[in-house]
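Here is a friendly walk through a two-chain model that you can follow in your viewer. Have the sequence open beside it as you read.

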Amino acid sequence: MLQVKDLTMVYETDRGKVKAVNGVNFSIGHGEVLGLVGESGCGKSATLLTLLGLVPYPGKITSGEILFNGEDLRKKSPTEMRNIRGKDIAMIFQDPMTALNPVFKVGEQIRETLRIHGLMQEQKGSWWSRRKKQNHNERERVMELMKEVGIPSPDERFFEYPHQFSGGMQQRVVIAIALACSAQLLLADEPTTALDVTIQAQILELLNKINRERETAIIMVTHNLGMAAEFCQKIAVMYAGEIVEQGPTDAVLENPKHPYTQGLLQSIPRISERKQRIEPIPGSVPDLATLDETCAFYPRCGKRTKACLLKKYNLEDLGEGHSAKCALYS
Amino acid sequence: MRAVKIVERVLATIPIMIGVAILVFLFMRFTPGDPVDLMMGKDGNVSAQEVATLRAQFNLDEPIYVQLFDYLHKASQGDLGLSFKKNRPVIELVKEALPATVELSLVAVVISLFIAIPIGVYSAVKQNSLIDRASMGISFLGVSMPAFWLGIVLILIFSVKLGISPAQGRIDYGVGLDKVTGFYLLDSILTGNFQAFKSTLSHLLLPAITLGATLAAIVTRVVRSSMLEVLRQDYIVMARAKGMSEFKVVVKHALRNALIPTVTVVGLEIGVLLGGNMIVETVFGWPGLGRIAVEAIFNRDYPLVQGVVMFYAIVFVMANLIVDILYTYINPKISI
């Protein structure tokens, strides 16, 4: 359904070009869940916004294709893109407290999506009666949606403002907005990071239900590998704007090939092994403006060799859809 | 619920008014200069007897606290006394002048908001563009220009050199206008008098621009900076992700939020505007409260100064109350 080919997005800053998304390739089919994992600042969220055509200023897509149902989204006009956003591809944000507009009623914010895409329009009758009917239909639909995402007594909560909702309920509202037009693809940008652990589980369960019942494909950005393991069929590991390893979840997590993925997995504490030492990856994500073509992970890598600096490596297929970008496998 | 609170707030203005009355009364008495001296022009031909009679007539020979209680007692019955100079009831004089001042102030506020908000929004959306830089430069000029100077410059250009706009008064001589409300713009529309409307408008524009310039400059800057702040928020990205057009994102989602700090600033600036009134009305010979106040202060016309300041206080308190009420509509997190 969605195929991203060699997508590159560049921020043009005073210090030079910063490749926030660097030659990214992945695809996702109907009803699939893809996890995009990696540290903060490695281009996961930027990738999602780029897919929607909402590249944050001063970013620019410099190359690549975004094929959605066979059509390249980069070739669409702004108006055509607007018709796709919110209707075919919807987004769920990281922090629901800031994603909802504080001055509008919650119900209105859900209704807005229906109104923008003209989903509940009536054909018959005078302008006035059409309008009235549309309002009524929209409200009914919003109530349905609120019920579906688990907001109790929607007929009252429709008229409340975001600050009257708890964090978990706010995230349900954000999800209801994303579901309003029955999107085929949901882009979830760390949907549970800002929430309590118990609420996290509820929201995940809700997303799971949506994925099962509606066959909605989900691209889930997260830095929680445990969550990715439970929730995603495929995982792509991002580092410094590039995908360094991807494949089926089990393959990537049980048999990680790239030193970065291995490092990520070792830095997770486990309850079952009390005395195990957590081994963090030394250093931090490099300054993207200073990168050259060779491996960006080289300075932090425990398995680096002279071969790493010789040339640019590509994702190598390691069988069963599992691939990694590293000198070790080339 | 809201109505009850509003009534409470209106009632709470009563002690404020009493406080204002006492303060103004005392400060006027402590100001050097005596009304009777001024009336007599310090003329050697006036006998001490005559001065004493005049003092007794105006009740000025009593101790201050007696005068104060006398004044408050009468004021509570709606009698603000007679003007020393004009020998007419203060209430009547204020009533005549109030519509002129309110009309001028309202037009000034409306003009400045209509100019300032769109420019502020545009400057924020096109940050660092030529228009943004130009409007910020002009607004900086607007903040730093004193009203009396701007008024004189406008008169010089538009009245003296170009002869487009009259420099004095509210309406041309000989334009018959039946007074219904005292607001000339409204009256001329109500009576269908197009000539009077044109004349009023041409008289109104220069003083209104002079009075509103500072407000417009400040509001432009506030709108711009709060828009810049709001446009960075997640809910703006969210609105775009819903497929909303950029115009609606800016006007509906961003501006509604940016108006919250703007309303606060406008509320505060109303006080400044009322003060500016006195200067602008004097420069443009505008027959409003401000000019009466200035004249009365020079004449040490105690009852008139007290009456006018009381009305200024009422207008100020009411304007702030309106801003507070407006605020609860704009910002759902706040109740009165």
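## Chain B: helices and a turn in the backbone

B:Asn59 adopts a positive phi of about 70°, just after helix 3 of chain B. The model is a predicted one, which is worth keeping in mind throughout. How many of the 10 residues of helix 3 of chain B are buried? The number is 0, so this helix (residues 48-57) lies largely in the open.

Further along the chain, helix 9 (residues 194-231) of chain B and helix 11 of chain B have axes that come within 9 Å and cross at roughly 160°. The two helices are therefore roughly antiparallel to each other, and helix 9 of chain B passes helix 11 of chain B in a right-handed crossing. On the helix 9 side of chain B, the residues that meet helix 11 include B:Leu211, B:Ile218, B:Val222 and B:Met227. Among those on the helix 11 side of chain B are B:Ala258, B:Val265, B:Glu269 and B:Leu273. By class, this contact has 17 nonpolar, 6 polar and 1 charged residues.

## Where the chains meet

The contact between the chains takes 17 residues from chain B and 23 residues from chain A. On the chain B side, helix 10 (234-241) and helix 11 (246-283) are the elements that give two or more residues. Helix 10 of chain B supplies the largest share of that side, 6 residues. Sorted by class, the chain B side has 6 nonpolar, 6 polar and 5 charged residues.

## Chain A: a sheet and its helices

In chain A, 8 strands form an open sheet with mixed pairing, in the order 6-7-8-3-9-10-12-11. Strand 6 (89-92) and strand 11 (316-317) of chain A are the edge strands, each pairing on one side only. Within the sheet, strand 3 (residues 33-37) and strand 8 (residues 217-222) of chain A run parallel and are joined by 5 bridges. One pairing to look up is A:Leu34, whose bridge partner in strand 8 of chain A is A:Ile219. Helix 7 (residues 167-179) of chain A lies across strand 6 and strand 7 (185-189) of chain A, at about 175° to strand 6 of chain A.

Helix 4 (residues 106-116) of chain A passes helix 5 (residues 127-148) of chain A in a right-handed crossing. The residues making this contact include A:Ile110 and A:Leu114 of helix 4 of chain A, and A:Val142 and A:Leu145 of helix 5 of chain A. They divide into 4 nonpolar, 1 polar and 5 charged.

The two helix pairs are listed here.

| Helix pair | Axis angle and distance |
|---|---|
| Helix 4 and helix 5 of chain A | about 115°, 9 Å apart |
| Helix 9 and helix 11 of chain B | roughly 160°, within 9 Å |

Definitions and conventions:
Residues numbered from 1 in each chain as written. Chains lettered and ligands numbered in written order. Predicted model: local features only at pLDDT ≥ 70, side-chain atom pairs only at ≥ 80, totals over all residues. Axes fitted to C-alpha atoms, helices over the stretch in contact; angles between N-to-C directions. Helix = DSSP H or I, 4+ residues; strand = E, 2+ residues; numbered from the N terminus. Left-handed = near helix turned anticlockwise from the far one by under 90°. Contact = placed C-beta atoms within 7 Å. Nonpolar A, V, L, I, M, F, W, Y, C, P; charged D, E, K, R; others polar. Pairing = 2+ DSSP bridges. Buried ≥ 20, exposed ≤ 12 C-beta atoms within 10 Å, placed from the backbone. Parallel < 35°, antiparallel > 145°, perpendicular 65-115°, else oblique.
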